[in-house]
Amino acid sequence: MSVPIKSADEIVRMREAGRLASELLDYLTPHVKAGVTTGEIDRLAHVYMVDVQRTVPATLNYAPPGHSPYPASLCTSINHVVCHGIPGDRKLRNGDIINVDVTVIKDEYHGDSSRMFFIGAPSIQSRRLVDVTYEAMWKGIRAVRPGAHLGDIGHVIQRHAESNGFSIVREFCGHGIGRRFHEEPQVLHYGRPGTGLKLQPGMIFTVEPMVNAGRPGIRGLADGWTIVTADHSLSAQWEHTVLVTDDGFEVLTVSSGTPPPPPLDA
Ligand code: MF3
Ligand code: CO
Ligand code: CO
């Protein structure tokens with residue numbers, strides 16, 4: 001198993017791709033509101049990527065082994081949809097929660113990030129789920145440093161989700177990213193401290209926990225992509241692309257609209 005170590009030049013390009021992914025989410029944010037369809041968000045994103053950013057939407061026609069080509073330029077996962085929801089004519093409604101997940105390719109390198117949005121005023125449970133998932137992602141990111149193990153990241157994410165009564169989806173994980181969309185290592189969102197790959201400066205991977213309000217089980221829909229919770233409970237996800245630096249981490253998917261990190265004691 002070989003985990004790529006990025007050169008200084010590749011890191012510059014990954015920083016640019018990460019910033020563009022985050023700026024795309026900034027651009028989409030005012031459009032993620034009641035009455036808008038997920039297909040409209042997808043079209044806006046596509047045009048912005050191709051005509052404004054001169055980036056390539058990495059998800060469009062993405063076809064890993066065993067999958068049909070993914071038909072859209074981003075993923076929109078509403079309520080009990082865990083991930084990979086396909087944009088369409090579903091209108092956003094007050095009370096929905098939605099994850100918007102974008103991956104852009106710039107100068108051959110990928111930037112991958114997702115955020116959660118509330119449509120109208122969230123229920124107490126929705127807000128807790130989304131906030132705990134955000135805190136869990138950040139606990140994972142803050143565990144990133146040379147010499148730490150991937151199991152340290154998974155452990156703090158799992159502990160935070162489960163101690164709040166939620167559960168971690170096991171079937172999907174974070175991933176190395178660079179010139180390829182998904183490469184080694186696999187970054188599990190559960191685990192035991194001190195286990196798994198030892199981190200080195202120059203590794204780049206995503207941290208993207210999927211947290212369910214109910215049980216961890218999932219089901220895939222007949223469209224071949226959409227993943228839902230088996231018990232139809234709500235699910236949330238946040239994602240950043242992260243570089244291992246000489247003394248810790250650098251989040252690459254940042255822009256002026258990036259939500260601030262939670263307080264250290266959250
Ligand atoms: N952006 C997703 C990730 O975080 C992958 C989406 S693949 C798609 O890895 F084909 F479903 F779009
Ligand atoms: Co990802
Ligand atoms: Co993503």
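At 10% relative accessibility, D101 counts as buried, because the cut-off for that class is under 20%. This aspartate offers a good way into the predicted model described here, since D101 is one of the residues that coordinate the cobalt ion (ligand 3).

The cobalt ion (ligand 3) is held by D101 (OD), D101 (OD), D112 (OD) and E239 (OE), at 2.0 to 2.4 Å. Around this ion, the 6 donor atoms subtend angles of 57 to 165°, and the arrangement is therefore irregular. Read along the chain, the donors of the cobalt ion (ligand 3) show the spacing D-x10-D-x126-E. D101 belongs to strand 4 (residues 97–106), whereas E239 sits in the loop between strand 13 and strand 14, so the pair ties together parts that are 138 residues apart in sequence. E239 is buried as well, with a relative accessible area of 1%.

The cobalt ion (ligand 2) lies 3.4 Å from the cobalt ion (ligand 3), and D112 coordinates both. For the cobalt ion (ligand 2), the protein donors are D112 (OD), H175 (NE2), E208 (OE) and E239 (OE), found 2.0 to 2.2 Å from the metal. Angles among the 6 donor atoms of the cobalt ion (ligand 2) run from 52 to 162°, and this site is irregular. The spacing of its donors along the chain is D-x62-H-x32-E-x30-E. Distant parts of the chain are linked here too: D112 is in strand 5 (residues 109–118) and H175 in strand 7 (residues 174–176), 63 residues apart. D112 and H175 are both buried.

Attention now turns to the nonpolar interior. In soluble globular proteins, nonpolar side chains tend to be buried together. The largest nonpolar core of this model has 35 residues, of which L129, I153, L199 and F205 touch the most other members. At least two residues of this core come from each of helix 3 (124–142), helix 4 (150–163), strand 9 (204–207) and strand 14 (240–244). Helix 3 is the largest contributor, giving 8 residues. There is also a second, separate core of 20 residues, and L24, V36, I98 and V102 are among its members.

The strands around these elements include a small open sheet of 3 strands, ordered 6-10-13 with antiparallel pairing. Strand 6 (167–168) and strand 13 (235–237) form the edges; each has a single partner strand, so one side of each is left without a neighbour in the sheet. Strand 6 pairs with strand 10 (residues 210–212) in the antiparallel sense over 2 bridges, and V211 in strand 10 is the bridge partner of I168. Helix 3 packs on this sheet, where it touches strand 10 and strand 13, and its direction makes about 35° with that of strand 13.

I97 gives a closer look at one residue of strand 4. With a relative accessible area of 1%, I97 is buried. Leaving aside neighbours within four places in sequence, I97 is in contact with S77, I78, N79, M116, F117, F118, S126, L129, V130, L234 and S235. One of these contacts, L129, is also among the residues that touch the most other members of the largest nonpolar core. By comparison, the C-alpha atoms of I97 and E250 are separated by 28 Å, and the two residues are 153 residues apart along the chain.

Key
Residues are numbered from 1 along each chain as its sequence is written. Chains are lettered from A and ligands numbered from 1 in the order in which they are written. This is a predicted model: local features need pLDDT of at least 70, side-chain atom pairs count only at pLDDT 80 or more; totals for chains, interfaces and linings use all residues. Side-chain values use heavy atoms; hydrogens and water are left out. A nonpolar core is a set of buried Ala, Val, Leu, Ile, Met, Phe, Trp, Tyr and Cys residues joined through side-chain atoms within 4.5 Å. Buried means under 20% relative accessible area, exposed over 50%, partly exposed in between (1.4 Å probe, protein chains only). Helices (H or I, at least four residues) and strands (E, at least two) are DSSP runs, numbered from the N terminus. Donors are N, O and S atoms within 2.8 Å of the metal (3.2 Å for Na, K and Ca); water is not among the atoms, so sites may look incomplete. Four donors count as tetrahedral if all angles lie between 85 and 135 degrees; four count as square planar and six as octahedral if opposite donors are over 155 degrees apart and all others between 65 and 115; anything else is irregular. Two strands pair if DSSP finds at least two bridges between them. Contact means heavy atoms within 4.5 Å. Axes are lines fitted to C-alpha atoms, for helices over the stretch in contact, and angles run from 0 to 180 degrees between N-to-C directions.
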